[in-house]
Structures are given as structure tokens and as C-alpha cells.
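Please open the structure in a viewer and keep a selection tool at hand. The stops below proceed from one selection to the next.

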Amino acid sequence: MSPKNMIYKKTCKDKSVGVYMGKRDFVDRVDSVDPVVFVTLSCTFRYGRDDMDVMGIAFRRELYLSTRQVYPPLQDREKGIHTKVQAKLLRKLGNNAYPFFFEFPDNLPCSVALQPAPHDVGKQCAVEFEVKAFSAESQDAKVCKRSTVKLMIRKVQYAPETEGKGPSVETTREFVMSDKPLHVKASLDKEVYYHGEPIKVHVNITNNSSKNIKNVILSVDQVATVVLYSNDSYMKCVDLEESGDSVSAGASVQKVYTLLPLLANNRERRGIVLDGKLKHEDTNLASSSIIKEGVLKEVLGIIVSYRIMVKLIVGGLASNEVGLEVPFKLMHPKPDTVKESEMEEEMVFQEFKRSYLKGIIGDDDEEEGNVSGGDDIVPKEK
């Protein structure tokens, strides 16, 4: 069965402007990003609630903003080059539809958000992308909310098609009153793991020292570096195994441990970085950041990386710790590419209904974090 040709639709309150988009996820391929049809595209890094401002300074920074005039059109519609989806929409929507293109800059961060605590309210710290269409006398004129429609989109990255060999780290530690050292090696089968995939850690311990190893502890650490305003790094353990394994002096051990970092096991933990989500969808731990060479890290908001920590507790008069850090990447696999020729000819519209359509009057245009700006998403029409 051919994939459905889904179109996302949202209109403003006075119905003067509507946005139709063929997709809401745009892939960062490191060297290029998918094009998007838009009126205004903005990328914002929010690092505090809107009501937390100090001396008039809000805790948010606009990383990118670009606005294009759509109507009156600056180019004859018939002379433009349209995608297959645009051509279908033009035929269906008629003469009041005006298409155009936009290319993401390749130096913007991906959509991520910090998980708030259960009692936190308001918008969370996040990197957000938003498409906004509005009608006004000029680009700089005050915009009426009733003539504005907003739609959250995401910038995502997928695992590279080619990856390096599995990482391996080893260390040797010598102790006082011990003639021979302790040697530890930890390695992974591959460099990139997918969300939800178990991670097998190969640990090789050669204990030629006179010390006894009392415990072997393994953890998966998420390291988030906030590079925009502080360059601080925050480490959160997202999976832990205290094996209780011991290695006596003069003995050797080879063992494979299995770790599985999942958001489901970290729902209540504040400050863990998540992939940006759209409303009515679940999300996952943030994917590892892949940075294009030459891009300034300072504009990337939050950079995410992962590591396996192997820690040995060595006994004696005073316990010692011997640790190893094995870096790896946690990402989504690249989905199968669907050619436009394989899509269903009929388009399925998914409309974002507003609360005022149900008889509830209120300002529902303020969107919650990296989510869509509608209360319900329902299949509309074919």
C-alpha cells in the first residue's frame, strides 16, 4: 500500500491566513537541510520562563529570523518551479494559494528541550522552530493575533549511513605497596546505537595488583553542553548497573554487560535533554549532536553527547576508584526514503483545530514548549 500523502493545515482565528505544509520534520544532513515552505521562520533558544525577566531582559534569544513576502507575490506563480506536493496544493486550493521556498541555514541547532520537573509550569528550556504566517500592512507593523497562524516544526538529525569502528578505551593503574598494576579495557561493538537498542559493553579486567576489586559499576551518562550563554556542561546518568562483581588480586575477568538508556526510566528526572516533540506525540532522550566542520558552536544552543562510564571500586585501607569513559552516539536510524512517485495521489489533510471552534474563547495560540499550536489534531479531508 502506498504511503499517505499527509498535508498539515492550520488557519488563524479570523481565517484570513492559512498554512499548508507537507511535513513538520526537517532533516539536518550536516551539510544541508530540507527546504520548507514558509512565511516567517524563527529559531529561538529559551532558557527560562517568559515571566522570568530581570531588568527587562527575557530569558530567550532569537537565533534566526527570516520573513518573506508571499502576497502580493513578488514572482509570477506560473514561472516558479514547484514540488509535486506544491503543484497538487495549487490545483486543489486555487488562485488564493501562493507557494515559495526556504532553505534552513546549516549552522542552526536541532530541536531539543530540557525535561521539566513534575511540578514545573510554563514553557521549558528548549530550542524551538516556528513557522508563522500573518497578514499586516507591512513586515514591521504590529501583528494582530487573530490574523496570525503559528505552527511548530522540528529540525532533526539521523544516524550517519557510514560509521566508524566500535570505540575502545583502556587504562593501567599502579598502587602503592603493589608490585604489579591493574589493567582495564572497555569496548563497544559499534559507534552508533539507535534509541531503544541495548548496548553491550565488553569489559576486560586483568588484576595483577595486590588489591581486590569489590564492585564493577557501569552507567550511561548524557552530557549536555549549553554553549550559547555559559558553555557549562551538565551530566545526567540515564542508565545504571551496579553489578556487584568482584575480582580478587591476581585474577582476570572478561564479561559483557548490557545497558539500555530509555526516557521511560527517567520520566521524573528534571534537566535531562530530550528531542523536541510535537504535541500529541511522545519523544525520547535527545539524540547525539553531529556538528558540521567550521560551524561556530556558540550558536548551537545545546550540544548533546553520550558516554559509557565503567567504574571499578578497589578495596584496601582506603577505597580507590578506577574509571573509564567510552564515548558513543545515540540516534534514530534514517527512515526509508519514499519517492514522490510512490505517494498516494490523494492528499490527506490533518487540521489543527482551535478551542474557539468548540465554543471556548481564549488565547490558545501560546504553544507549550516544542509542540504544535493546536488543541486537537484530527484527519480532515481527502
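Begin by selecting Leu-182 together with strand E12: the bridge partner of Leu-182 in that strand is Asn-207. The model under examination is a predicted one. Extend the selection to the whole of strand E10 (residues 182-188) and strand E12 (residues 199-207), which run antiparallel and are joined by 7 bridges. In general, strands of a sheet pair through backbone hydrogen bonds, in either a parallel or an antiparallel manner.

Now add E9 and E15 to the view. The result is an open sheet of 4 strands, paired antiparallel in the order E9-E10-E12-E15. Which strands form the edges of this sheet? They are E9 and E15, each of which pairs on one side only. On average, neighbouring strands here are turned by 15 degrees against each other, direction ignored.

Next, stay with E15 and display the side chain of Lys-255. Lys-255 forms a salt bridge with Asp-245, with 2.8 Å between the closest N and O atoms. This pair links distant parts of the chain, 10 residues apart: Lys-255 belongs to strand E15 (residues 252-259), whereas Asp-245 sits in the loop between strand E14 (232-242) and E15. Lys-255 is partly exposed, its relative accessible area being 36%.

The search of the whole structure yields 7 salt bridges. For another of these, select Lys-334 and Glu-161, whose closest N and O atoms are 3.1 Å apart in a salt bridge. Lys-334 is in the loop between strand E18 (320-331) and strand E19 (347-353), and Glu-161 is in the loop between strand E8 (148-156) and strand E9 (168-173), so this pair ties together parts that are 173 residues apart in sequence. Are the two residues buried or exposed? Lys-334 is partly exposed at a relative accessible area of 42%, while Glu-161, at 68%, counts as exposed.

Then select Arg-307 and Glu-325. They form a salt bridge in which the closest N and O atoms are 3.4 Å apart. Arg-307 lies in strand E17 (residues 302-314) and Glu-325 in strand E18, so placed that the pair links distant parts of the chain, 18 residues apart. Glu-325 is partly exposed, with a relative accessible area of 42%. Adding Asp-221 to the selection completes a network of salt bridges that links Asp-221, Arg-307 and Glu-325.

From E17, move to Leu-300, in the loop between strand E16 (273-275) and E17. Leu-300 counts as buried, at 9% relative accessibility. What is in contact with Leu-300, its neighbours within four places in sequence left aside? The contacts are Asn-107, Leu-108, Pro-109, Val-227, Ile-291 and Val-295. Of these, Pro-109 merits a distance label: Leu-300 and Pro-109 are 191 residues apart in sequence, yet 4.5 Å apart in space, C-alpha to C-alpha.

Select Cys-110 next, which is buried with a relative accessible area of 18%. Cys-237, by comparison, counts as partly exposed at 25% relative accessibility. With a cut-off of 2.5 Å between cysteine sulfur atoms, the count of disulfides is 0.

The last stop is helix H1 (residues 84-93), where Gln-86, Lys-88, Leu-89 and Leu-90 are buried. H1 is followed by Gly-94, whose phi is positive, near 85 degrees.

Note on methods: Residues numbered from 1 in each chain as written. Predicted model: local features only at pLDDT ≥ 70, side-chain atom pairs only at ≥ 80, totals over all residues. Heavy atoms only, no water. Buried < 20%, exposed > 50% of the residue type's maximum accessible area, 1.4 Å probe, protein only. Salt bridge = Lys/Arg side-chain N within 4 Å of Asp/Glu carboxyl O. Helix = DSSP H or I, 4+ residues; strand = E, 2+ residues; numbered from the N terminus. Pairing = 2+ DSSP bridges. Axes fitted to C-alpha atoms, helices over the stretch in contact; angles between N-to-C directions. Contact = heavy atoms within 4.5 Å.
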